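Here is a short tour of one protein model, written for someone new to reading structures. Keep the picture in view as you read, and look up each residue as it comes along.

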Amino acid sequence: MKKELIFNTDLHFEHENWNRELLFWEDELVSFQNRLDELVVRWTDKGVLAEVEKFQNHIIVHREAIFSIKNQIELHETNMADHYKKNEDVLNKDLVSKHELLRYKIEIQRNLFNEFKGNFFRFLTMYL
């Protein structure tokens, strides 16, 4: 059985990519909130405003998820830096498992965000 070596630089590269993606999502959420603010001014229909509130709640949930993932990435980066200071380039199994779990969380969040985005644009098409 061949063992695969995983190095800090590989994980750091993935963290950087994730952080860029999370920043992009944050920017999109600001834009989405701005569109919702426009709708609140244009519409008085309670059904439309209820949908606006639903999307605002989704924005809050996504912001919290992004914040949580960014914190987890930062903790992992700090741990990797500690290993680097000790000249340990290969991580232990626990840290790699945490990284794989974080990768899974990012994938789930990516899918949820894309679903939200599709629903949001369909909603905007009807009311903006």
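L128 has a relative accessible area of 38%, so it counts as partly exposed (buried means under 20% relative accessible area, exposed over 50%, and partly exposed in between, with a 1.4 Å probe and protein chains only). You will find L128 in the segment after α3; helices here are DSSP runs of H or I with at least four residues, numbered from the N terminus. Which residues does L128 touch, not counting residues up to four places away in sequence? They are R35, E38, L39 and R42, where contact means heavy atoms within 4.5 Å. Looking back along the chain, E107 is 21 residues apart from L128, and their C-alpha atoms are separated by 30 Å.

A word on where all this comes from: the model is predicted, so local features need pLDDT of at least 70 and side-chain atom pairs count only at pLDDT 80 or more, while totals for chains, interfaces and linings use all residues. Residues are numbered from 1 along each chain as its sequence is written, and side-chain values use heavy atoms, with hydrogens and water left out.

**The salt bridges**

Now let's turn to charged side chains. How many salt bridges does a search of the whole structure find? There are six, each being a side-chain nitrogen of Lys or Arg within 4 Å of a carboxyl oxygen of Asp or Glu. The table shows some of them.

| Pair | N to O distance | Helices | Separation along the chain |
|---|---|---|---|
| E14 and R103 | 2.8 Å | α1 and α3 | 89 residues |
| R110 and E21 | 2.7 Å | α3 and α1 | 89 residues |
| E26 and K70 | 3.1 Å | α1 and α2 | 44 residues |

The pair E14 and R103 is worth a second look. The side chains of E14 and R103 also make a polar contact at 2.8 Å; a polar contact is a pair of N or O atoms within 3.5 Å, and within protein one must be able to donate a hydrogen and the other to accept it, with residues adjacent in sequence counting only if both atoms are side-chain atoms. Leaving out residues up to four places away in sequence, E14 touches H99 as well as R103.

Are these charged residues buried or partly exposed? R103 is partly exposed because its relative accessible area is 29%. R110 is partly exposed at 25%, and E21 is partly exposed at 21%. In the remaining pair of the table, E26 is partly exposed at 27% and K70 is partly exposed at 25%.

**The nonpolar core and a surface patch**

The largest nonpolar core has 21 residues. Such a core is a set of buried Ala, Val, Leu, Ile, Met, Phe, Trp, Tyr and Cys residues joined through side-chain atoms within 4.5 Å. L22, L29, F32, L36, F116, F120 and F123 touch the most other members. At least two residues of this core come from each of α1 (8–42), α2 (46–85) and α3 (93–127). Beyond residues up to four places away in sequence, L29 touches I59, H62, R63, I66, F113 and F116.

Nonpolar residues also appear on the surface. L101, Y104, I108 and L112 make a nonpolar patch of about 380 Å². Patch residues have over 30% relative accessible area and no salt bridge, with nonpolar side chains joined within 5 Å and like charges within 9 Å; the areas come from the Shrake-Rupley method with a 1.4 Å probe. One of the patch members, I108, lies in helix α3, and its 34% relative accessibility is why it counts as partly exposed.
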